[in-house]
Amino acid sequence: MAAQRRSADTDPTPDDLPSCSSLTTKELQQNWQAVKREQRPVRLLFEIPSTRIVEQTLSKHVLYEIVVMRSGSFESHRVSVERRYSDFCHLHHRLVEEFEEELEEVLLPRKLLTGNFCPESISERRRALQDYLARLYATRCVRHSPLFASFFTEQEQRRAHGLLRAGQFRPALEQLRTVLDIQEKLLPWQQPTMTVSTLAGLAVCHRDLDEPEQAFAAAQRALPPVRRYGLRRYRAALLELLVDEGYRLGRPVAQLQEELTTLRDAERGEASPRSLKELLIREFI
């Protein structure tokens, strides 16, 4: 676990190698290379492989597909989102407000006044936006900024919560899975609580789709960071869902029930506790 938590910019040391005096020089070199391969820093790559033109009654615009990938690993399931040029503009404006000096040389591809929809212009801008994302990611303060992460997830989160509020749990699940896939890729540079609301949303959707195993698993993943970082608004609601679904599944829930009872006793006299679904719906109103 300690090796996994090593800084992304730190190389392995000889202490990481197997301690065996009988190893030959060649074997030591091979082991050294193996350790370095295992601890190679994980980086993110951003690819914009395709675009599409969306025509509406009074306007049309280009959507750029953004694929988020981890370097040095094969991913059979590609996760992607679509964004307009105006979304990039909004991101850039917010980032410059916060990191003006650091982004002095990171320029957003300019807005085109004519020829926006010709194939050559779209292709050129697609490559320029891909390079722009790479340069943002290479800027440390941006890489660690919640603004950068929200660019890839906020629209899908809002869509998912709207679907959840409307009782459309299956399509909400699809949106939340996309969000979680991207958040897990961004997590090494973001707050460890970033995935909590997404996992809670998955738990609610699975529960209301009568999928207790998946609901329990999602809530179980969300609870540790909630406990560790003191997210009180989620803790009791997650425990309540875990106790209910745990009973259905025949899981041991005595400790969870005790923890929930202690929390409820401490909250006595405060506002009426909200369910997990109510908390999630309020988050994006």
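1. Read from the N terminus, the elements of the protein follow the order α-β-β-β-α-α-α-α-α-α-α-α-α-α, which amounts to 11 helices and three strands. The model is a predicted one, and the points below should be read with that in mind. Of the 285 residues of the protein, 40% count as buried, and among contacts between residues at least 6 apart in sequence, 60% join residues at least 24 apart.

2. On confidence, the mean pLDDT of the protein is 87, with 82% of the residues reaching 70 or more. Residues 1-12 stay under 50 in pLDDT, and the model has 11 contacts beyond four places in sequence for them. The stretch 14-20 is also below 50, and it has nine contacts in the model beyond near neighbours in sequence. I would ask the reader to keep these two stretches apart from the points that follow.

3. How do helices α9 and α11 cross? The axes of α9 (residues 232-249) and α11 (residues 276-283) come within 9 Å of each other and cross at roughly 140°, which makes α9 oblique to α11, because angles count as roughly antiparallel when they are over 145 degrees. By class, this contact of α9 with α11 has seven nonpolar residues, two charged residues and no polar ones. On the α9 side the residues are R233, Y234, A237, L238 and L241, and they meet L276, L279, L280 and E283 in α11.

4. Which residues of α11 are buried? They include L276, L279, L280 and I281, and what covers the buried residues of this helix includes α5, α7 (196-208) and α9. Three of these names, L276, L279 and L280, also appear in the contact with α9. As a general matter, an α-helix has 3.6 residues a turn, so residues three or four places apart point the same way.

5. Two residues with side chains of the polar class deserve a comment together, since Q157 and S197 touch each other. Q157 has its place in helix α5 (residues 146-165) and is buried, its relative accessible area being 9%. Not counting residues up to four places away in sequence, Q157 touches V179, Q183, S197, T198 and F284. S197, for its part, is found in helix α7 and counts as buried because its relative accessibility is 8%, the cut-off for buried being under 20%. Leaving aside neighbours within four places in sequence, S197 is in contact with Q157, Y234, L280 and E283; of these partners, Y234, L280 and E283 are also listed in the contact between α9 and α11.

6. The loop between α6 (169-186) and α7 holds W189, and T193 lies in that loop as well. Is W189 buried or exposed? With a relative accessible area of 9%, W189 is buried, and it touches V42, R43, L44, Y137, R143 and H144 when residues up to four places away in sequence are not counted. The C-alpha atoms of W189 and C141 are separated by 9.7 Å, although the two residues are 48 residues apart along the chain. T193, by contrast, counts as partly exposed at 23% relative accessibility. T193 and P225 are 32 residues apart in sequence but 5.9 Å apart in space, C-alpha to C-alpha, and P225, Y229 and L231 are the contacts of T193 once neighbours within four places in sequence are left aside.

7. Two further loop residues are worth checking against the model. H77, in the loop between β2 (60-70) and β3 (79-84), counts as exposed at 52% relative accessibility. From H77 to D181 the C-alpha distance is 9.6 Å, with these positions 104 residues apart in sequence numbering. D210 has its place in the loop between α7 and α8 (212-228), and its phi is near 60°, a positive value in a residue other than glycine. In general, most residues other than glycine have a negative phi.

8. Finally, on the cysteines: how many disulfides does the structure hold? The structure holds zero disulfides. C89 counts as partly exposed, at 29% relative accessibility, whereas C205 counts as buried, at 0%.

How values were computed: Residues numbered from 1 in each chain as written. Predicted model: local features only at pLDDT ≥ 70, side-chain atom pairs only at ≥ 80, totals over all residues. Heavy atoms only, no water. Axes fitted to C-alpha atoms, helices over the stretch in contact; angles between N-to-C directions. Helix = DSSP H or I, 4+ residues; strand = E, 2+ residues; numbered from the N terminus. Parallel < 35°, antiparallel > 145°, perpendicular 65-115°, else oblique. Contact = heavy atoms within 4.5 Å. Nonpolar A, V, L, I, M, F, W, Y, C, P; charged D, E, K, R; others polar. Buried < 20%, exposed > 50% of the residue type's maximum accessible area, 1.4 Å probe, protein only. pLDDT = per-residue confidence, 0-100. Disulfide = S-S within 2.5 Å.
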